[in-house]
Amino acid sequence: MALSVKKLVIGLLVVAVAATATILYTWQRIEQADAFNQAILSAKTPQTDLQSFEAKYAVAYWLAKHERFKEATLLFAKLIDGSTATQRAAILHNIGNIFFLKAIQVTGGNDNSTRDEVEYLLTQAASSYKNALKADNSHWGTRRNYDRVMSLLPEKPTPGVGESENPGLIMGNIPNGLP
């Protein structure tokens, strides 16, 4: 009996040490996640997880929110490789938003070049939203934005507009965010 009590005590000690180590590690990760989130919210570079998908996505999202669309689009496009379907949907949603916002911002009258530019941007937005929905059809915001863009596009597209996709963003073979 004494031998089995010793084994039981040793086993319980091992479990207690493992549980304590797990709790400490989890607490550390929670603190790192909180620091990461605070850094992103204050537009500072996070000190942990610098190469994570979340860090890169947050930087691209921040750039898009501050209307640095070209840089944001490039960063989002780089994130597509190796992303999950849900992540691809968020990335493509955000790329669609960038094109949509750029189309809304185009000013300069009602001449043909302005109309063609707006149509091109809306076509790119529609393509991004459509591919986001192919990757993950559960996002209502993407559906709503896709419907809005489609309602703004002319029924008969202007020949040549929207045919050349942005380099690096060819949507045909991409597996699938401002939400």
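Which residues form a nonpolar patch on the surface? In this predicted model, the patch is made up of Val5, Val9 and Leu13, which together offer about 250 Å² of accessible area. One of these residues, Val5, lies in helix H1, the element that spans residues 2-41. With a relative accessible area of 41%, Val5 counts as partly exposed, because that class covers values between the limit for buried residues, under 20%, and the limit for exposed residues, over 50%. The value for Val5 also fits the requirement that members of a patch have over 30% relative accessible area.

From this nonpolar patch we can turn to the charged side chains. Side chains of opposite charge can pair when their charged atoms come close. How many salt bridges does a search of the whole structure find? The search returns two, and each can be followed in turn.

One salt bridge joins the side chains of Arg68 and Glu71, with a distance of 3.8 Å from N to O, a pairing that qualifies because the cut-off between such atoms is 4 Å. Arg68 is partly exposed at a relative accessible area of 40%, and Glu71, at 36% relative accessibility, is likewise placed in the partly exposed class.

The other salt bridge brings together the side chains of Arg115 and Asp116, where the distance from N to O is 3.4 Å. Here Arg115 has a relative accessible area of 40% and is therefore partly exposed, while Asp116, with a relative accessible area of 26%, is also assigned to the partly exposed class.

Notes. Residues are numbered from 1 along each chain as its sequence is written. This is a predicted model: local features need pLDDT of at least 70, side-chain atom pairs count only at pLDDT 80 or more; totals for chains, interfaces and linings use all residues. Side-chain values use heavy atoms; hydrogens and water are left out. Patches are made of residues with over 30% relative accessible area and no salt bridge: like charges are joined within 9 Å, nonpolar side chains (Val, Leu, Ile, Met, Phe, Trp, Tyr) within 5 Å. Accessible areas come from the Shrake-Rupley method with a 1.4 Å probe; for residues, only the protein chains shown count as cover. Helices (H or I, at least four residues) and strands (E, at least two) are DSSP runs, numbered from the N terminus. Buried means under 20% relative accessible area, exposed over 50%, partly exposed in between (1.4 Å probe, protein chains only).
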